[in-house]
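Hi,

Here is the structure I promised to pass on to you. Please have a look at it first, and then read my notes underneath.

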Amino acid sequence: MVRGEEIGQTMRAGLDQLYERLLTFGYPRAGIDWLKRHRLPVILVLAFVCWALLLALIWGGVWLYQTSVGNLPS
């Protein structure tokens, strides 16, 4: 189980670097603290939103293509 702990530490280190970058760009410290407290839910929500957006874009692209070639019923 050591490998899983190493991955978790690497992810936390990466997120800490991201938080530091956000601070340098002027993101408020209270927002960073909130993100640190709600790390997992925020990651899950962002992942869901990204997948939903990707699926919507693909679906919209297919619909647009089908309407442009006239394959959809009127």
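Below is what I found, starting with the overall picture and ending with one helix.

Please keep in mind that this is a predicted model. The mean pLDDT of the chain is 86, with 91% of its residues at 70 or more. Broken down by element, helix H1 (residues 2-24) has the lowest mean pLDDT, at 81, while helix H3 (residues 39-69) has the highest, at 92. As you know, coordinates should not be read in detail where pLDDT is low.

The fold is easy to describe: there are 3 helices and 0 strands, and the order from the N terminus is α-α-α. The radius of gyration is 20 Å, well over the 11 Å that the globule rule gives for 74 residues, so the chain is more spread out than a compact globule. Along the principal axes, the C-alpha atoms fill a box of roughly 55 × 35 × 15 Å.

What about the surface? Buried residues account for 9% of the 74 in the chain. The accessible surface is about 6500 Å², and carbon and sulfur atoms contribute 70% of that. As for charges, the chain carries 7 positive and 5 negative side chains, with the centres of the two sets 5 Å apart.

Finally, a closer look at H3. This helix has 31 residues and spans 45 Å from its first C-alpha to its last, close to the 45 Å expected at 1.5 Å a residue. Right after H3 comes glycine 70, which has a positive phi near 80°.

Happy to talk any of this through.

Best wishes

Technical notes. Residues numbered from 1 in each chain as written. Heavy atoms only, no water. Helix = DSSP H or I, 4+ residues; strand = E, 2+ residues; numbered from the N terminus. Rg over C-alpha atoms; globule rule 2.2 N^0.38 Å. Buried < 20%, exposed > 50% of the residue type's maximum accessible area, 1.4 Å probe, protein only. Areas by Shrake-Rupley, 256 points an atom, 1.4 Å probe, with all protein chains shown as cover. Lys, Arg positive; Asp, Glu negative; His and termini not counted. Charge placed at Lys NZ, Arg CZ, Asp CG, Glu CD. pLDDT = per-residue confidence, 0-100. Expected span 1.5 Å × (residues − 1).
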